Structure formats: structure tokens, C-alpha cells
Amino acid sequence: MTSTTLSVPEIHCGHCKAAIEGAVGPLDGVAAVEVDVDARSVRVEHDDAVTVQALVDAIEDQGYDVPDQEALSR
């Protein structure tokens, strides 16, 4: 299992949290997704079949910009 944290500066409320968790959570291979509104970040626990680009695409499909960044994967 891999943990990836993405910075999403546009997160600011509970609606943002629900929209992102609702988009990322159902992806095949995603075990857990947690949006931290205060930190404006998204942490995803996923298997190796899930790419960072797939996570970014799911978030951006909800209308949030994920700036070019070094994702923190462990």
C-alpha cells in the first residue's frame, strides 16, 4: 500500500472535502482518502496500480487545480 499526499490550494470547505473524497474514493485500488481542509491537502492510501496522475485527474475533474508538485509518496 502506498500513501500519496497532494496539495490542493483551492480546498476551503466541507463541500470541497465531500466532492474530492467522493471522486477519489471509488477509484479501483484506493483504500482510503482523507481531505484535510485546514492543510488544503488530500492523502490517499492506494495500491501500486493507482497512478498519481489518476488521482490528480479525479480531483481536477471536480474543478480543483492540483498545481505541478512533487507528490509525497511513501
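How much area does the protein chain expose, and what share of it do carbon and sulfur atoms supply? The protein chain exposes about 4200 Å². Carbon and sulfur atoms supply 47% of that area. The model shown in these views is predicted.

**Figure 1. Overall view of the protein chain, with its 2 helices and 4 strands.** From the N terminus on, the elements follow the order β-α-β-β-α-β. The C-alpha trace spans about 30 × 25 × 20 Å along its principal axes. The radius of gyration is 11 Å. A compact globule of 74 residues would come out near 11 Å, so the two agree. Of the 74 residues, 35% count as buried. Take the contacts with a separation of 6 or more: residues 24 or more positions apart account for 65% of them. Charge is also part of this view. The chain carries 4 positive and 15 negative charges. The mean positions of the two sets are 10 Å apart.

**Figure 2. Close-up of the largest nonpolar core, which has 19 residues.** The residues with the most contacts inside this core are Val-8, Ile-20, Val-24, Val-42 and Ile-59. Two helices give two or more residues to the core: H1 (14–24) and H2 (52–60). Strands S2 (30–36) and S3 (41–46) do so too.

**Figure 3. Close-up of Val-42 and the residues in contact with it.** Val-42 is among the core residues with the most contacts inside the core. Neighbours within four places in sequence are left aside here. On the N-terminal side of the sequence, Val-42 is in contact with Thr-4, Thr-5, Leu-6, Val-8, Ile-11 and Ile-20. Val-33, Glu-34 and Val-35 are in contact with Val-42 as well. So is Ile-59. Val-8, Ile-20 and Ile-59 also appear among the residues with the most contacts inside the core.

**Figure 4. Close-up of Arg-40 and Ser-41, from the loop between S2 and S3 into strand S3.** Arg-40 lies in the loop. Arg-40 has a positive phi of about 55°, although it is not a glycine. Most residues other than glycine have a negative phi. Is Arg-40 buried or partly exposed? Its relative accessibility is 40%, so Arg-40 counts as partly exposed. Ser-41 belongs to strand S3. Ser-41 is buried, because its relative accessible area is 16% and the cut-off for buried is under 20%. Beyond neighbours within four places in sequence, Ser-41 is in contact with Thr-5, Leu-6, Ser-7, Val-8 and Ile-11. Ser-41 is also in contact with Glu-34, Val-35 and Asp-36.

**Figure 5. Close-up of Ala-49 in the loop between S3 and H2.** Is Ala-49 buried or exposed? Ala-49 has a relative accessible area of 70%, so this residue is exposed. The cut-off for exposed is over 50%. Ala-49 and Val-33 are 16 residues apart in sequence. In space they are 16 Å apart, C-alpha to C-alpha.

**Figure 6. Close-up of Asp-65 in the loop between H2 and S4.** Asp-65 is partly exposed, with a relative accessible area of 41%. Which residues does Asp-65 touch, not counting those up to four places away in sequence? They are Val-8, Pro-9, Glu-10 and Glu-60. Asp-65 and Ile-11 are 54 residues apart along the chain. Their C-alpha atoms are separated by 9.5 Å.

**Figure 7. Close-up of Pro-67 and Asp-68 in the loop between H2 and S4.** Pro-67 has 29% relative accessibility and counts as partly exposed. Pro-67 touches Ser-7 and Pro-9, not counting residues up to four places away in sequence. Gly-25 is 42 residues from Pro-67 along the chain. The C-alpha atoms of these two are separated by 21 Å. Asp-68 lies in the loop before strand S4 (72–73). At 84% relative accessibility, Asp-68 counts as exposed. Asp-68 and Ser-7 are 61 residues apart in sequence. In space, C-alpha to C-alpha, Asp-68 and Ser-7 are 9.4 Å apart.

How values were computed:
Residues are numbered from 1 along each chain as its sequence is written. This is a predicted model: local features need pLDDT of at least 70, side-chain atom pairs count only at pLDDT 80 or more; totals for chains, interfaces and linings use all residues. Side-chain values use heavy atoms; hydrogens and water are left out. A nonpolar core is a set of buried Ala, Val, Leu, Ile, Met, Phe, Trp, Tyr and Cys residues joined through side-chain atoms within 4.5 Å. Buried means under 20% relative accessible area, exposed over 50%, partly exposed in between (1.4 Å probe, protein chains only). Contact means heavy atoms within 4.5 Å. The radius of gyration is taken over C-alpha atoms; the globule rule is 2.2 Å times the number of residues to the power 0.38. Accessible areas come from the Shrake-Rupley method with a 1.4 Å probe; for residues, only the protein chains shown count as cover. Lys and Arg count as positive and Asp and Glu as negative; His and the chain ends are not counted. The place of a charge is taken as NZ of Lys, CZ of Arg, CG of Asp or CD of Glu.
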